[in-house]
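Colleague: I should like a close look at one element of this model, followed outward into its surroundings. Please begin with the terms that such a description needs.

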Amino acid sequence: MTPTPAAEQEDGEAMSTMIGPRPNHRGLPDRFGRVATDLRVSVTDRCNLRCTYCMPAQGMDWLPRRDLLTDAEIIRVIGIGVKRLGITKVRFTGGEPLLRPSLEHLVSATVDFRCADDKPPVAALTTNGIGLDKRVAGLVNAGLDQVNVSLDTVDPERFTTISRRNRLSQVVTGIDTALAAGLPVKINAVPQIHSYHSDVPQLLNFCLDRGLELRFIEFMPIGANGWRRDATVSADDILGVVQDSGFILTEDTKPRGSTPAQCWRVRSADGRTGRVGIIASVTRPFCEHCSRTRLTADGQIRNCLFAIREADLRSVLRSGGSDDEIVAVWQGEMLRKSAQHGVDAEGFADSGRRMSAIGG
Ligand code: SAM
Ligand code: SF4
């Protein structure tokens with residue numbers, strides 16, 4: 001089947017006539033044999049950092065409060081996803097999800113639902129780590145299973161340059177508190193073109209010292225964020241600098257499944273061992289195994305991070321829509337998912353929605 005880049009997705013009107021909603025069909029399949037089981041929920045578009053690759057220095061035109069889904073609306077959508085549509089993992093993200101005071105409530109309501117196998121869904125969080133130390137106990141009590149903390153450098157000056165805020169020590173405190181509470185922690189890092197030669201080995205040492213798994217993410221073109229192909233530190237660049245810094249990599253034997261990260265076992269020259277992964281969405285896309293679906297902070301369903309369209313679930317929720325109608329809108333949107341996002345292809349058009357609004 002010829003892949004259709006996101007930029008060439010069919011017109012929504014035409015597609016709904018062609019496919020039509022199928023309210024009684026279980027699950028979230030698309031036209032290419034993939035089934036979404038992994039839901040990303042953005043709980044706010046606001047943030048306390050201003051990472052240069054994510055948002056402008058002055059911040060964004062934040063969504064009006066009335067447009068953000070309420071707790072009850074988010075919980076209803078998650079419940080329908082888990083009970084009727086085969087969602088088995090829910091990741092809370094943003095913006096900065098810790099800025100939502102009710103995050104603990106959202107987590108505990110999520111793990112109260114039961115999947116088809118009678119188990120609760122996995123509850124995960126992606127955060128910049130600021131204030132995590134004060135929330136860890138509550139989040140663990142609520143049932144949070146894992147946390148990914150974003151950290152692009154362990155150099156205080158470069159942290160301030162990249163995030164435009166002097167907050168490195170708070171992030172590290174958040175990571176260490178989560179580890180002390182026994183919460184599984186992974187680190188996400190977007191390597192920067194001007195500093196990755198230093199940042200990549202320093203981050204790896206930081207993670208090996210703490211027994212943390214590290215995931216590098218290639219800089220992606222989302223929401224007119226100044227992306228350039230030549231500003232992207234590629235998987236090859238990262239692997240090169242890791243090996244040049246004396247770390248030994250061996251292919252990971254764990255099956256990759258639908259995870260977007262390609263992983264390796266890593267050993268340092270002084271014998272520390274761990275695991276490192278690369279999410280190479282630009283240079284080594286993994287679309288054929290994608291299992292994700294997204295709910296934005298303002299209640300839109302997105303079938304792909306790079307989709308140029310969304311389905312408006314908030315209107316359905318706020319006009320008294322039934323669970324069947326929500327199921328139909330969600331399934332219809334997944335059936336519009338493209339085979340590939342095509343970000344590295346000639347003519348790729350991004351949706352103009354920022355990562356912080358979509359939920360990374
Ligand atoms: N604020 C939280 C955080 O930073 O972890 C959650 C939201 S953030 C949008 C989620 C992830 O997206 C972070 O790991 C961040 O580094 C990553 N990210 C943001 N913009 C990106 C871009 N243009 N390319 C690649 N990753 C990006
Ligand atoms: Fe905020 Fe996360 Fe975007 Fe950085 S990457 S500005 S922490 S939402």
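Modeller: A residue is called buried if its relative accessible area is under 20%, exposed if it is over 50%, and partly exposed in between, with a 1.4 Å probe and protein chains only. This is a predicted model, in which local features need pLDDT of at least 70 and side-chain atom pairs count only at pLDDT 80 or more, while totals for chains, interfaces and linings use all residues. Residues are numbered from 1 along each chain as its sequence is written, chains are lettered from A and ligands numbered from 1 in the order in which they are written, and side-chain values use heavy atoms, with hydrogens and water left out.

The element I have chosen is strand 6, residues 213–217. Strands (E, at least two residues) and helices (H or I, at least four) are DSSP runs numbered from the N terminus. Five of the five residues of strand 6 are buried, so the rest of the structure largely encloses this strand. Neither face is left open: Glu213, Arg215 and Ile217 are buried on one side, and Leu214 and Phe216 are buried on the other.

Part of this enclosure involves another strand. Strand 5, residues 185–189, pairs with strand 6 in the parallel sense over four bridges; pairing requires that DSSP find at least two bridges between the strands. Across this pair, Lys186 stands opposite Glu213. Lys186 also carries an annotation, since UniProt lists it under "binding site" in an unreviewed entry, together with Arg40, Arg91, Thr126, Arg292, Thr293 and Arg294. UniProt positions are given in the numbering used here, with shortened feature names, and the annotations may be inferred rather than shown by experiment.

Within strand 6, Phe216 has a relative accessible area of 1%, which means that it is buried. Beyond its neighbours within four places in sequence, Phe216 is in contact with Ala189, Pro191, Val200, Leu203, Ile238, Val276, Gly277, Ile278 and Ile279; contact here means heavy atoms within 4.5 Å. One of these partners, Ile238, is 22 residues away along the chain, and its C-alpha atom is separated from that of Phe216 by 8.1 Å.

Strand 6 is followed by a loop that runs to helix 8 (235–244), and Met220 lies in this loop. Met220 is buried at 11% relative accessibility. The unreviewed UniProt entry places Met220 under "binding site" with Tyr53, Gly95 and Ser150.

Gly95, from that annotation, leads to a ligand. This glycine belongs to the loop between strand 2 (89–93) and helix 3 (103–112), and it counts as buried at 16% relative accessibility. Gly95 is one of the residues that surround ligand 2, along with Cys47, Leu49, Cys51, Cys54, Met55 and Asn128, where a residue is near if one of its heavy atoms lies within 4 Å. The shell around ligand 2 comprises five nonpolar residues, two polar and no charged.

Two further annotated positions lie within strands. Arg91, in strand 2, is buried with a relative accessible area of 4%; its contacts beyond four places in sequence include Arg40 and Thr126. Thr293, in strand 10 (residues 292–295), is buried at 0%, and Arg40 is among the residues that it touches beyond four places in sequence.

For context, the protein has 11 helices and 12 strands, and 57% of its 360 residues count as buried. Of its contacts with a separation of 6 or more, 73% join residues 24 or more positions apart.

As to confidence, the mean pLDDT, the predictor's confidence in each residue from 0 to 100, is 89, and 88% of the residues reach 70 or more. Over residues 1–24, however, pLDDT stays under 50, and the model has 47 contacts beyond four places in sequence for this stretch.

Lastly, two backbone angles deserve inspection. Asp118, not a glycine, has a positive phi of about 70°; this residue is in the loop between helix 3 and strand 3 (122–127) and is exposed at 58%. Arg164 has a positive phi near 60° in the loop between helix 5 (156–163) and helix 6 (168–180), and it is partly exposed at 30%. Most residues other than glycine have a negative phi.

Terms used. Ala, Val, Leu, Ile, Met, Phe, Trp, Tyr, Cys and Pro count as nonpolar, Asp, Glu, Lys and Arg as charged, and the others, Gly among them, as polar.
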